[in-house]
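Got the viewer open? Load the model, switch to cartoon, and keep the selection box handy for a short walk.

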Amino acid sequence: MKKCIILANGKPPKKRVITFFQKKGYKKLICADGGANSALKMNLVPDFIIGDLDSISTDALKEFKSSSKIIRLKRQNDTDVEKCLKYAIKNNFKETLLFGVTGNRLDHTFCNLGIVKKFSSQIEISLVAENSYLESYTGKTILNTHPKETISIYGFDKKTKITSSGLKYSLFQTALPFGEKESTSNVATGDSVKLDISGGRIFVIRDVNLMMKYDLF
């Protein structure tokens, strides 16, 4: 299964987090425009640099011009992250992990969270920001968990219903419409959590460092 990392121009992760996931099979590194600047600082070589190239530094462009495939897309009807996702989907990547998609601008963060929801039906998307790992789910799924691990669950509308087992605060056909109700800081009671989601998608947010420590991926 083809997997890739997309590194955007927001707050970069620690290099050890990226290399952890590269060892997990996320072999290809795609930089969204100025994400290449972060790659340069971490001594990582992108396989692809995609975007309108208005944020990449001269140093990064010079460093990577012979080692990376650089794809300039001038269109402004989608973001650089979306351009990367569309490229990944077109080239048959099945999973992608987003880094650098949060930072100082709340509008960019909000937009990128929306992008996860927007593209989740076309490619499996996860997102790492600071200490958090976000994934979107629908249908039935089982999460490998660590006892007493914090699990936060967010829905979007009243038609999406969630039933859980393995959580301290159980959900039974529960809707978590955004801005009305959420399941923040729920707790795993054992080694797994089962979720049954109908009528839409949800976000699940966990601690990426704990997941890496106990290899819960």
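Start with strand 8 and strand 12 (residues 192-207): the two run antiparallel and 3 bridges join them. Keep in mind while you look that this is a predicted model.

Zoom in on Ser152 and show its bridge partner in strand 12, which is Ile205. Now bring in the other neighbour. Strand 8 covers residues 150-154, and 3 bridges also join it to strand 11 (residues 183-187), again in an antiparallel arrangement. For a residue pair on this side, pick Ile153: it stands opposite Ser183 in strand 11. While the sticks are on, remember that in a regular strand the side chains alternate between the two faces of the sheet.

Next, stay with strand 12 and select Arg206 together with Glu149. Their side chains meet in a salt bridge, at 2.7 Å from N to O. Arg206 lies in strand 12 while Glu149 sits in the loop between strand 7 and strand 8, so this pair ties together parts that are 57 residues apart in sequence. Are these two partners buried or exposed? Arg206 counts as buried because its relative accessibility is 6%, and Glu149 is buried too, with a relative accessible area of 1%.

For another salt bridge, select Glu130 and Lys11. Here the side chains meet at 2.9 Å, N to O. The pair links distant parts of the chain, 119 residues apart: Glu130 is in the loop between strand 6 (124-129) and strand 7 (132-144), and Lys11 is in the loop between strand 1 (3-7) and helix 1 (15-23). Turn on the surface and check how each one sits. Glu130 is exposed, with a relative accessible area of 56%, whereas Lys11 counts as partly exposed at 47% relative accessibility.

Now jump to Asp78 and Arg75, a salt bridge whose closest N and O atoms are 2.8 Å apart. Asp78 is buried, at a relative accessible area of 7%; Arg75, at 34% relative accessibility, counts as partly exposed. Don't deselect just yet: add Asp80, Lys83 and Lys86, and you have a network of salt bridges linking these residues with Arg75 and Asp78.

Want to keep hunting? How many salt bridges does a search of the whole structure find? It finds 12, among them the pairs Arg206 with Glu149, Glu130 with Lys11 and Asp78 with Arg75.

Terms used
Residues are numbered from 1 along each chain as its sequence is written. This is a predicted model: local features need pLDDT of at least 70, side-chain atom pairs count only at pLDDT 80 or more; totals for chains, interfaces and linings use all residues. Side-chain values use heavy atoms; hydrogens and water are left out. Two strands pair if DSSP finds at least two bridges between them. Helices (H or I, at least four residues) and strands (E, at least two) are DSSP runs, numbered from the N terminus. A salt bridge is a side-chain nitrogen of Lys or Arg within 4 Å of a carboxyl oxygen of Asp or Glu. Buried means under 20% relative accessible area, exposed over 50%, partly exposed in between (1.4 Å probe, protein chains only).
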